[in-house]
Amino acid sequence: MIAIQHEGTIKKFTALPKVWTDENGTHLNITDGASFGFYPVVTPTYNNATQSLGDIVWDADASVFTYPVIDKVWTQTLEEMKAAKIATLKDSYNRELSKTDWYYIRLTALSTAVPQDIIDERAQLNTDCDTHETAINALTTQAEVAEYQLPSFI
Amino acid sequence: MALTKVTSAVLNDDAVSYDKLGAEFTTAAALSASDVDFSTAQVFTKTLTANDTLTFSNVSTGMVKDLVIAGEFTLTLPASVKVISGTYDGTVSNLIQIVATNGATEQWASISQEAV
């Protein structure tokens, strides 16, 4: 990605344009982009859970276009964020547990025993969910809650 | 009385042949400098040996000129030129056809290369 500052705005291109018109003329076959004002766009590393990127700016020191990294400001309180995170957590585990609910429906309807490995698997899921909930409740900042990674089930 | 102007009475329909056209419509000129004088030739040729900026002169509305340009360098045309199709490929000869749609204010260009 490259960009150029032109007529008060920064325009981005995936590569040097084949045709570029500025106050000096219509340029064809540009090979040295910098001599026309084209410079690389550098995306800084950032934590997208707690930060976001601002509008593209020119960094004269590094001769690149880049984005300022801005810390997110949350509208929810710490407790509200925890509650939302835990709700998402429980929904996720509930969906995982629901995959084996039919064993218990069959047990009720047909008195067919639930396999031990299913019982163990569900017990582990419940334990893990409780562990995560405890960990989330122990967090002390909004950034920590935002960054907390919930398990992803396939 | 001497004839001072050509009138329809003395110029038959379909009578202007290619031979009667001026050099600006019938000749090709190699550009040694950077000015493309629209009043001097129909076709202008140049092989770039460095980045080059062409200027146009004596452009009038309706003129159509052909530039045959080669050379793997950046070619700059006047800002009044709007490219409507094609891209320049410096590794081969490029036919850049210029149509003046508003004198020196606006020209449209199409760029093409030999089909391979």
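Let's start where the two chains meet: strand 4 of chain A pairs with strand 7 (residues 75-77) of chain B in the antiparallel sense, over three bridges. You can pick out one of the matched pairs yourself, since A:T26 has B:L77 as its bridge partner in strand 7 of chain B. Keep in mind as you look around that this is a predicted model.

Now follow that pairing outwards. On the chain A side, strand 4 of chain A also pairs with strand 3 of chain A, again in the antiparallel sense, this time over four bridges. Here A:D22 has A:G25 as its bridge partner in strand 4 of chain A. Put the pieces together and you get an open sheet of four strands, in the order 3(A)-4(A)-7(B)-4(B), with mixed pairing. Which strands stand at the edges of this sheet? They are strand 3 of chain A and strand 4 (52-53) of chain B; each has a single partner strand, so one side of each is left without a neighbour in the sheet. As for what holds such an arrangement together, strands of a sheet pair through backbone hydrogen bonds, either parallel or antiparallel.

The shared sheet belongs to a wider meeting of the chains. In total, 12 residues of chain A are in contact with 13 residues of chain B. On the chain A side, strand 3 (19-22) and strand 4 (25-28) each supply at least two of the touching residues. Strand 4 of chain A gives the most, with four residues. What classes of residue make up the side of chain A that touches chain B? By class, there are three nonpolar, seven polar and two charged residues.

Let's stay with chain A and go back to its beginning. Strand 1 (residues 2-6) and strand 2 (residues 9-13) of chain A pair in the antiparallel sense over five bridges. One of the matched pairs is A:I2 with A:F13 in strand 2 of chain A. These two strands form a hairpin with two residues between them, and A:E7 in the turn has a positive phi of about 50 degrees. Strand 1 of chain A has another partner too: two bridges join it to strand 5 (residues 39-42) of chain A, and the two run antiparallel. In that pairing, A:A3 is matched with A:Y39.

Zoom out, and the domain assignment of chain A gives domain 1 (2-71) and domain 2 (78-147). How far apart are the C-alpha centres of these domains? For domain 1 and domain 2 of chain A, the answer is 46 Å.

Further along chain A, have a look at two helices. Helix 2 (residues 101-110) of chain A has 10 residues and the number buried is zero, so it lies largely in the open. Just after helix 2 of chain A, A:S111 takes a positive phi of about 60 degrees. Then there is helix 3 (residues 116-137) of chain A, with 22 residues; from its first C-alpha to its last it reaches 32 Å, close to the 32 Å expected at 1.5 Å a residue. Helix 3 of chain A is hardly covered either, with two buried residues among its 22.

Time to cross over to chain B. Its secondary structure comes to one helix and 10 strands. Reading from the N terminus, the helix comes before the strands, in the run α-β-β-β-β-β-β-β-β-β-β. Along its principal axes, the C-alpha trace of chain B spans about 60 × 30 × 25 Å. A compact globule of 116 residues would have a radius of gyration near 13 Å, but chain B has 17 Å. Of the 116 residues of chain B, 22% count as buried.

Strand 3 (residues 43-47) is a good place to look inside chain B. Strand 3 of chain B pairs with strand 1 (residues 28-30) of chain B in the parallel sense over three bridges, and B:A29 has B:F44 as its bridge partner there. Strand 3 of chain B also pairs with strand 6 (residues 64-70) of chain B, in the parallel sense over five bridges, with B:T45 standing opposite B:V68. Which residues of strand 3 of chain B are on its covered face, and which on the uncovered one? B:F44 and B:K46 make up the covered face, while B:V43, B:T45 and B:T47 make up the uncovered one. There is a general pattern behind this: in a regular strand the side chains alternate between the two faces of the sheet.

Definitions and conventions
Residues numbered from 1 in each chain as written. Chains lettered and ligands numbered in written order. Predicted model: local features only at pLDDT ≥ 70, side-chain atom pairs only at ≥ 80, totals over all residues. Contact = placed C-beta atoms within 7 Å. Nonpolar A, V, L, I, M, F, W, Y, C, P; charged D, E, K, R; others polar. Pairing = 2+ DSSP bridges. Rg over C-alpha atoms; globule rule 2.2 N^0.38 Å. Buried ≥ 20, exposed ≤ 12 C-beta atoms within 10 Å, placed from the backbone. Expected span 1.5 Å × (residues − 1). Domains from an automatic or database assignment.
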